[in-house]
Amino acid sequence: MLKIALPMIEDKVDGHFGHCQSFAIVTLDDEKKIVKQEKLVPPPGCGCKSNVVPQLAAMGVTTILAGNMGQGAVNKLNANGIAVVRGCAGSIKDVVEAWAKGQINDSGVGCSDHGHDGCHED
């Protein structure tokens, strides 16, 4: 089983990790087919969502598929063993299926110049 997380708004990938209201936690079987989807509402706090990273890691999430995020969030996710794939857009189901087929790779483009409500990750 493989667990991935996606910042979401309604049933679509949120364009920015730090602005999302919730995460889709998707479990894939050995054939990379979706077998379960859960919703995780992050704890209140830092606007960059770095406070949710330990929870994602504890849930067994190994990859996050996101629209975009700042480098601080990328560093924190990577330090917790979570691979980051930026540049995703569309419905949760479509993005997961495209990634599982190898059709989505990290864009390598990060956000900059965002305020983080007192939270600074360097």
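Colleague: Which residue follows α2, and is its phi positive or negative?

Modeller: G81 follows α2, with a positive phi near 80 degrees. This is a predicted model, in which local features need pLDDT of at least 70 and side-chain atom pairs count only at pLDDT 80 or more, while totals for chains, interfaces and linings use all residues. Residues are numbered from 1 along each chain as its sequence is written, and side-chain values use heavy atoms, with hydrogens and water left out.

Colleague: What makes α2 a helix and β2 a strand?

Modeller: Both are DSSP runs: a helix is H or I over at least four residues, a strand is E over at least two, and numbering starts at the N terminus. α2 covers 71-79 and β2 covers residues 12-13, so each meets its minimum length. The protein has three helices and six strands, in the order β-β-β-β-α-β-α-β-α.

Colleague: How do you know that β1 and β2 are paired?

Modeller: Pairing requires that DSSP finds at least two bridges between the strands. β1 and β2 have two, in the antiparallel sense, so they count as a pair. M8 has V13 as its bridge partner in β2. The two strands form a hairpin with two residues between them, and E10 in the turn has a positive phi of about 55 degrees.

Colleague: Which other strands pair with β1, and how many bridges are there?

Modeller: β1 (residues 2-9) runs antiparallel to β3 (residues 22-28) over seven bridges, and parallel to β5 (residues 61-65) with three. A5 stands opposite I25 in β3 and has I64 as its bridge partner in β5.

Colleague: Why is the set that includes F17 and L77 called a nonpolar core?

Modeller: The term means a set of buried Ala, Val, Leu, Ile, Met, Phe, Trp, Tyr and Cys residues joined through side-chain atoms within 4.5 Å. Buried means under 20% relative accessible area, with a 1.4 Å probe and protein chains only. This largest core has 18 residues; F17, F23, I25, L56, I64, M69 and L77 have the most contacts inside it. β3, α1, β5 and α2 each give two or more residues, and α2 gives the most, three. Apart from it lies another core of 17 residues, among them I4, L28, I92 and V95.

Colleague: Which residues of α2 are buried, and what do they pack against?

Modeller: G72, A73, V74 and L77 are buried. The buried residues of α2 pack against α1, β5 and β6. Of the 122 residues of the protein, 46% count as buried.

How values were computed: Buried < 20%, exposed > 50% of the residue type's maximum accessible area, 1.4 Å probe, protein only. Contact = heavy atoms within 4.5 Å.
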